[in-house]
Amino acid sequence: MPMKRTAALNKWKMVGEVLIPGVLNVGDIHKTDGCRQAAELADKI
């Protein structure tokens, strides 16, 4: 929510977001598809 409010105040256009639950420890991100999602979002920018 804070990022959406910041974007609205600055009149930025949000093109997407990547939310990856369950990443609590070093290396947990590699057990998800979060990096792929982030790369796909970056390609949209």
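A patch is made of residues with over 30% relative accessible area and no salt bridge, where like charges are joined within 9 Å and nonpolar side chains (Val, Leu, Ile, Met, Phe, Trp, Tyr) within 5 Å. Accessible areas come from the Shrake-Rupley method with a 1.4 Å probe, and for residues only the protein chains shown count as cover.

The model is predicted: local features need pLDDT of at least 70 and side-chain atom pairs pLDDT 80 or more, while totals for chains, interfaces and linings use all residues. Residues are numbered from 1 along each chain as its sequence is written, and side-chain values use heavy atoms, leaving out hydrogens and water.

**Exercise 1. Find the residues that make the nonpolar surface patch, and place Met3.**

Step 1: Met3, Trp12 and Met14 make a nonpolar surface patch of about 320 Å².
Step 2: Methionine 3 sits in helix α1, residues 2–10. A helix here is a DSSP run (H or I, at least four residues), numbered from the N terminus.
Step 3: Methionine 3 has a relative accessible area of 45%, so it is partly exposed. The cut-offs are under 20% for buried and over 50% for exposed, with partly exposed in between (1.4 Å probe, protein chains only).

**Exercise 2. Work out which parts the salt bridge of glutamate 17 and lysine 4 ties together.**

Step 1: Recall the idea that side chains of opposite charge can pair when their charged atoms come close. The rule asks for a side-chain nitrogen of Lys or Arg within 4 Å of a carboxyl oxygen of Asp or Glu.
Step 2: In the salt bridge between glutamate 17 and lysine 4, the closest N and O atoms are 4.0 Å apart.
Step 3: Because glutamate 17 is in the loop between α1 and α2 and lysine 4 in helix α1, the pair joins parts 13 residues apart in sequence.

**Exercise 3. Decide whether aspartate 28 is buried or exposed, then list its partners.**

Step 1: Aspartate 28 lies in the loop between α1 and α2; its relative accessibility is 11%, so it counts as buried.
Step 2: Its side chain reaches the backbone nitrogen of asparagine 25 at 2.8 Å.
Step 3: Aspartate 28 also forms a salt bridge with lysine 31, with the closest N and O atoms 3.5 Å apart. Lysine 31 is exposed, at 71% relative accessible area.

**Exercise 4. Name the residues linked in a network of salt bridges.**

Step 1: The side chains of aspartate 33 and arginine 36 meet in a salt bridge at 2.6 Å, N to O.
Step 2: Asp33, Arg36 and Glu40 are linked in a network.

Methods
Helix = DSSP H or I, 4+ residues; strand = E, 2+ residues; numbered from the N terminus. Polar contact = N/O pair within 3.5 Å; in protein donor to acceptor, adjacent residues only side chain to side chain.
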